[in-house]
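I opened the notebook today to record how the parts of this model are laid out and where they meet. The entries below follow the order in which I looked things up.

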Amino acid sequence: MTKIILGLTLMLILIVPALSLHASAQTSQSYTITGAGSTFVFPLMDTWRVEYNKIHQNIQLNYQSIGSGAGIKLLEQKNVDFAASDAPLSASDMQQAPGVLTIPDSIGGITIAYNIPGIDKGLKLTGPVIAQIFMGDITSWNDPAISNLNPGVNLPSQKIVVAHRSDGSGTTYAFTDYLSKVSPDWKTKVGQGKTVPWPIGTGGQGNAGVASIVKSTQYAIGYIELAYVFQNKMTYAFVQNADGNSFVEPTLDTVAADAAAASTNLPAADGDWSQVSIVNQPGSNSYPISTLTYVMIYKDLSTVSGETSDKSTEVINFLHWIINDGQQYSTGLLYVPLPDSIKKIDEAGLSQVAFSGGAVPEFGPIAALVLAIAIASIIAVSTKTRFGFNPKF
Amino acid sequence: MMAIKMKKGSPITDKIFKYVAIGAATYVLVIIIMIVVNLTTGSAQVWQQEGISFLTGSDWNSVEGRESYGAAPYIMGTLVNAGIAMAISIPLSFGIAMFLSELAPKLLRTPLAMVIELLAAVPSVVYGLWGLLVFRTYIQNWIEVPLHNLFGDQSIIFAGTPFGLDILTASIILAIMIVPTIASISKEIMLAVPNSQREAAYMLGATKWEVFRIAVLPYSKSGLIGATILGLGRAVGETMAVTMLIGNATGAAAFPSSLFGPGQTLASIMANEFAEASQGGLHLAALVGIGLILFLMAFAINVVAHLLVAKVVKSHEGAVLA
């Protein structure tokens, strides 16, 4: 008697999940797209998640804003459908993850924010002067290098307090990219990277940390993401453009103008992006300190663990949507929408994504296998073997 | 007296008990060994590249093609930061403990002890944010600017621009954070001193302070050292609040020369740079190497603590342990 009950229980335990799995494989078309990386793009990504879910209710997005570098690590381990990063893949990253497409999904601008009592936004600065300030070569606000650019502005004779990012960040990457382009001195002494050896200054964590230093410290200067500066109503500098004929105010339009001017030089999505830079582009209205932020995805999605052919189609549909319809949500959140020229590069890149198939077995064989094991064990238990479950002492 | 009924124990439960206990104890060892192995293999690359200069050098450059790493400023920064924090917090915590155990009326003792334990439970990020947004301006205006104006750039330790994000602020916040830990343990240890000791001292006509000095202190000395070391352990490893307040300089600029200059500790540089260090690179290896140094430092602190406690115990039979 006990053996029959045991056998029935065992049968239920083994068969019920097998049947339900089988059923779900047949009826469900609901997918969760996974992504990880950039914290900069997170507010926009989260809006995309909500808006896309409104029109495609079977699609959930699970995006974890753990930092660009960490997102790329997860992509290299093939644990996420896509990564989002503020800096392109480096040469060594490309070796770790061959066959990755780089798709620009938004644009950021970096402002030079300062706190000088009595001076409103619009202090005029050139690239080399900014480099000298952040290297410690210009230490006082009334240095001739600054006052000559700003005739009529009463600059105080005060020490400049320099604030920079202490954490590795795409903002630092873009800012040092710009300084390396405009100042040979900066290029040889400091260089470009997500973290650089700052000769002077105090490090704050994240945009919030730098903003906190600049806002609460008189005579401070720091570089901060555009959206953050607008939201916090900080004062910021106008920066000389590449043509050298005007000082451009950072706005969504001037940053977009800079990105559009750069789009002719961008590689194809499967090309080498490690040297890509959109700073300091020509055009009288181009704000020079700008950066692209990217979505990264494997060209062959079947290499990602847990990917199915149907799901990969949904991933591609979603990415299509964010670079086209999704861009309308950018300006409301103070992100710069992609210009059409970059959308074209993205479309060409996404059309290359494929699913080679065969990597994940269909559910049928697994269900059959589980059923076979279940039946075999029922037979084994219900026949009069001496095999018992009650431990005997 | 009640008789205790016991079922006859079966050997199998005994065995299960034995293996579960052994397994749980092994877990601790396995974790420690795994941490050491992981930290060593993870940082092997940087030890090969830099050798001993990883410990003594002060370069910290993660720009591709110019990579060079030295942890000396951060080791110094950690020691100085924890040292200042201990110097502030030890007298404060012992004062609290002495008041609670020797002087406070019974009615006040319990609520005050509860409040102190509550402070110990405040997450470090809260202390950090409060320090960054509120406390820093007070330090700047009431302590740093006056000191700076008084001594100016001529003195080394008060040089630099005083604006609140520096070694001094980080150390003070750190001290505030570890006071509850040290104070609440010290109080327990002082309360554990047998009252007969105090009574004997009072019999000899001792004053309150003398009672504390000749009866309470010798008995609780080793326990107080233990409490201090626990606080020191927390100070050395504290990450979040320190990262928010210490100013995060890197390389040679991070050497703790001035109280008003930005610094960096071992824990804070890991918190700052780990997330964006590229996979498999020298930068990541260097950060793991920093982790190894921090681990060894914490280990050394504990070993020294045990040796100290053991020494004190030998000299005072019956001393109260932490």
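**Domains of chain A**

I looked up the domains first and found chain A divided into domain 1 (2-107 + 292-350) and domain 2 (109-260), with bounds that come from an automatic or database domain assignment. This is a predicted model, in which local features need pLDDT of at least 70, side-chain atom pairs count only at pLDDT 80 or more, and totals for chains, interfaces and linings use all residues. Residues are numbered from 1 along each chain as its sequence is written, while chains are lettered from A and ligands numbered from 1 in the order in which they are written.

Taken over C-alpha atoms, the centres of domain 1 and domain 2 of chain A are 35 Å apart. Where these domains of chain A touch, domain 1 contributes 19 residues and domain 2 contributes 14, a contact being two residues whose C-beta atoms, placed from the backbone, lie within 7 Å.

I then noted that, on the side of domain 1 of chain A that touches domain 2 of chain A, helix H3 (68-76), strand S12 (290-298) and helix H13 (340-350) of chain A each supply at least two residues; helices (H or I, at least four residues) and strands (E, at least two) are DSSP runs, numbered from the N terminus.

**Confidence**

I checked the pLDDT (the predictor's confidence in each residue, from 0 to 100) and found that chain A averages 86, with 87% of the residues at 70 or above. Residues 22-27 of chain A fall below 50, and this stretch has 3 contacts in the model beyond near neighbours in sequence.

**Chain B against chain A**

Lastly, I recorded that 32 residues of chain B are in contact with 35 residues of chain A.
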